[in-house]
Amino acid sequence: MKQKLLPFFDERRANVEMIVLHSTAFEIDEALRLYEAREVSCHYFIGSGGDVWRLVEESKRAWHAGKGQWRAITGDINSCSIGIELANSTLGQTDFGSVQKEALKKLLKDILHRYRIKPENIVGHSDMAPSRKADPGKAFFWKELAAEGIGLWPDLNDAVGWEENDPAELLGIIGYDTRDLGAAALAFCRRFLPEKVPEVSDVWALDANPGRADDALFEDEKFWRVLRAAAHKYRSESSTPCRI
Ligand SMILES: [Zn+2]
């Protein structure tokens, strides 16, 4: 692992219980310049070539998440999370490379050995801040991670016959802040149903405005099936820390 420690951190005010995954369009040199300019940071950075950089010690509070909430964790997510950034030139709109994927899996497994992190608390930036953020992007490989025991993925055979039809209720069970329901629903799709996320012509615009689901999504049969299955999964399997 390479190391370039940044001065943008302070002391944690809570124990680590969460991982927040991000993407950036920049490789390490440019990303470091941006972190310097904005006085932000993350614990680890993974370049598209699989190079892993430590930027802030895990014991410290890096400045990566900003305002947001996930499940019962509200407010100071930086204090209780480890932040990992992945370079992707399209901000996660197109696939991450296999070398980079393997580097992240290895790093996550190492982290999960050292902390008691529940699978439902491995999230994307867009999950915990749906009205502000669109990263790590719809091409992020959540399903592949879940297949290795990292995080949760819905089983479409679950929740058959479950008629719950309040989207805020279901998204809330998973962990989303639903005060902006359209933003939460689109963040859900970015993670669990990327085929329903509209193509954007200008990926840079996503950084300022992640967008909201349009009304048609709430009429979509597949959306409901995946949403109910995900809520079922998060409700029933979300109590024990990951053991990998
Ligand atoms: Zn981010």
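**Exercise 1. In this predicted model, find the residue of S9 that is the bridge partner of Met18, then describe how S3 pairs with its neighbours.**

Solution.
- Step 1: Start at Met18, whose bridge partner in S9 is Ser81.
- Step 2: Widen the view to the whole strand pair. S3 and S9 (residues 81-87) run parallel and share 7 bridges.
- Step 3: Turn to S10 (residues 122-124), which also pairs with S3 in the parallel sense, over 3 bridges. Ile19 is matched there with Ile122, and Val20 with Val123.

**Exercise 2. Place S3 in its sheet and work out which strands stand at the edges.**

Solution.
- Step 1: Write down the strand order, S1-S5-S4-S9-S3-S10, for this open sheet of 6 strands with mixed pairing.
- Step 2: Look at the ends. S1 (2-3) and S10 each have a single partner strand, so one side of each has no neighbour in the sheet.
- Step 3: Add the helix. H3 (residues 98-114) packs on the sheet and touches S3, S4, S5, S9 and S10. The direction of H3 makes about 170° with that of S9.

**Exercise 3. Decide whether the residues of S3 are buried or exposed, on each of the two ways they point.**

Solution.
- Step 1: Sort the side chains. Met18, Val20, His22 and Thr24 point one way, while Ile19, Leu21 and Ser23 point the other way.
- Step 2: Check the burial: 7 of the 7 residues of S3 are buried.
- Step 3: Test one residue against the cut-off, under 20% relative accessible area. His22 has 4% relative accessibility, so His22 counts as buried.

**Exercise 4. Identify the donors of the zinc ion and say which parts of the chain the two histidines tie together.**

Solution.
- Step 1: List the donors: His22 through ND1, His125 through ND1 and Asp135 through OD, at 2.1 to 2.2 Å.
- Step 2: Read the spacing in sequence, which is H-x102-H-x9-D.
- Step 3: Map the histidines. His22 belongs to S3 (residues 18-24) and His125 to helix H4 (residues 125-128), so this pair ties together parts that are 103 residues apart in sequence.
- Step 4: Check His125 as well; at a relative accessible area of 4%, His125 is buried.

**Exercise 5. Which residues touch the most other members of the largest nonpolar core, and which elements give two or more residues to this core?**

Solution.
- Step 1: Among its 37 residues, pick out Ile174, Tyr176, Phe188 and Phe223, which touch the most other members.
- Step 2: Name the contributing elements: S3, H2, H6, H7 and H9 each give two or more residues.
- Step 3: Follow Ile174. Beyond its neighbours within four places in sequence, its contacts include Trp70, Phe188, Leu227 and Tyr234.
- Step 4: Keep the second core apart: this separate set of 23 residues includes Leu86, Leu108, Ile117 and Ile150.

Conventions. Residues numbered from 1 in each chain as written. Predicted model: local features only at pLDDT ≥ 70, side-chain atom pairs only at ≥ 80, totals over all residues. Heavy atoms only, no water. Donors = N, O, S within 2.8 Å, 3.2 Å for Na, K, Ca; no water. Helix = DSSP H or I, 4+ residues; strand = E, 2+ residues; numbered from the N terminus. Buried < 20%, exposed > 50% of the residue type's maximum accessible area, 1.4 Å probe, protein only. Pairing = 2+ DSSP bridges. Core = buried A, V, L, I, M, F, W, Y, C linked by side-chain atoms within 4.5 Å. Contact = heavy atoms within 4.5 Å. Axes fitted to C-alpha atoms, helices over the stretch in contact; angles between N-to-C directions.
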